[in-house]
Amino acid sequence: MTGPVVDTVTAEEFMREALAQVSEHDLVEIATACERKAEGFGTLLGDGRAAVAGRDDLGRVLRSVFAARRKADAILDALGPELLAAEIDHLLHGDDPLPGRIDRMDRTLQAFPEAAFDLPAELLHFTYPDDHWPWTRWMWDPNIETGSLRLVTMEEFDLTGATRGETYLRVGQAIAFVQETGRAAGFTDYGPGPFGIDVFLGCVYGVYMYTVLRMRMTQEFNKIVPELPDLVRRLLGVKRPEV
């Protein structure tokens with residue numbers, strides 16, 4: 001693709017809508033909570049420690065991922081902590097190319113499709129945030145071709161690869177463009193570290209979700225939907241941190 005990747009006008013409009021519902025203080029606080037989560041993941045899993053992680057620590061990690069939180073015990077019971085620890089260590093530290101490692105983790109978790117989708121990128125991004133980027137279904141779901149990343153990038157940019165692992169690389173290219181554009185325009189520069197992009201994409205998803213719900217659901221239903229700061233914390237797994 002030779003043209004712009006980021007739909008800057010739309011991205012800025014989403015951020016204006018978000019800032020009508022959440023303060024900049026909250027955005028910085030959420031990004032800071034992401035940094036603390038990354039410190040926890042790094043302590044438990046980084047530098048080879050994933051290979052010897054026990055059930056309790058693996059459970060804390062799984063419960064810190066939005067898509068795996070409610071399935072943590074089921075995943076540990078099905079795989080066993082030793083196998084799960086070995087597979088996470090291979091994902092994080094294996095010598096083979098990254099797409100293959102992600103596809104292998106996907107196959108390992110095939111009985112838990114929601115966790116299989118989000119967990120590999122969550123483990124990579126929060127254990128080594130300077131080396132790996134986020135990807136969850138609410139950012140880009142190639143099966144239904146929507147998500148917050150799709151909403152702020154040009155349709156001409158193909159986000160889908162031949163495999164889950166190759167799609168992660170395409171998502172990474174798009175996120176790099178959004179992050180660079182956001183830093184220049186001021187919509188991804190919240191908080192410490194590289195987590196401004198996480199917060200921004202969470203806000204985009206929240207604004208989009210509220211818009212759809214207002215059109216399709218009753219006012220009574222909309223009253224039970226979390227406010228935007230709370231929703232973003234839940235999506236990023238920092239609502240009730242366990243690491």
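When I say two residues are in contact, I mean they have heavy atoms within 4.5 Å of each other. Keep that in mind for the packing part, and keep in mind too that this is a predicted model.

Okay, let's start with helix H6, residues 98–108. Its buried residues are Leu98, Pro99, Arg101, Ile102, Asp103 and Met105. And what do the buried residues of H6 pack against? They pack against H5, plus helix H7 (113–127) and helix H9 (164–185).

H6 also has a charged link to one of those partners. Arg104 and Glu87 meet through their side chains in a salt bridge, 2.9 Å from N to O. Glu87 sits in helix H5, residues 81–93, and Arg104 in H6, so this pair ties together parts that are 17 residues apart in sequence. On the Glu87 side we're buried, at 10% relative accessibility, while Arg104 is partly exposed at 32%.

That's one of 13 salt bridges found across the whole structure. Let me show you a couple of others.

Asp26 and Arg233 form one, with 3.8 Å between N and O. Here the pair ties together parts that are 207 residues apart in sequence, because Asp26 lies in helix H2 (residues 24–45) and Arg233 lies in helix H12 (residues 228–235). Are the two ends buried or exposed? Well, Asp26 is partly exposed at 21%, and Arg233 counts as buried at 19%. The cut-off for buried is under 20%, so those two land on opposite sides of it. There's a third member here as well: salt bridges with shared partners join Asp26, Glu29 and Arg233 into one network.

Then there's Arg49 with Asp47, where the closest N and O atoms are 3.7 Å apart. Asp47 is exposed, with a relative accessible area of 64%, and Arg49 is partly exposed at 35%.

Now, a charged residue that goes without. Asp198, in helix H10 (residues 196–216), is buried yet has no salt bridge. Why not? The nearest side chain of opposite charge is Lys37, and that is 7.6 Å away, whereas a salt bridge needs the nitrogen within 4 Å of the carboxyl oxygen. So what is Asp198 in contact with, leaving aside its neighbours within four places in sequence? The list is His125, Phe126, Pro134, Trp138 and Leu236.

Trp138 comes up again in the largest pocket, which has a volume of about 730 Å³. Thirty residues line that pocket, and those nearest its centre are Phe66, Ala67, Trp138, Arg234 and Leu235. Which elements give two or more residues to the lining? Those are H7, H10 and H12, with H12 giving the most, at four residues. H12 is also the helix that holds Arg233, from the network I just showed.

Last thing, for anyone wondering about the cysteines. The disulfide count is zero. Take Cys34: the nearest cysteine sulfur belongs to Cys203, 11 Å away. A disulfide needs the two sulfurs within 2.5 Å, so from the Cys203 side, too, that gap to Cys34 is too far for a bond. Both of these are buried, with Cys34 at 0% relative accessible area and Cys203 at 1%.

Technical notes. Residues are numbered from 1 along each chain as its sequence is written. This is a predicted model: local features need pLDDT of at least 70, side-chain atom pairs count only at pLDDT 80 or more; totals for chains, interfaces and linings use all residues. Side-chain values use heavy atoms; hydrogens and water are left out. Buried means under 20% relative accessible area, exposed over 50%, partly exposed in between (1.4 Å probe, protein chains only). Lys and Arg count as positive and Asp and Glu as negative; His and the chain ends are not counted. On a 1 Å grid over the protein atoms alone, a cavity is a set of points where a 1.4 Å probe fits but cannot get out, and a pocket is an open set with protein on both sides within 12 Å along at least five of seven lines; lining residues have an atom within 4 Å of a point. Grid points are joined across faces, edges and corners, and a volume is the space filled by probe spheres set on the points.
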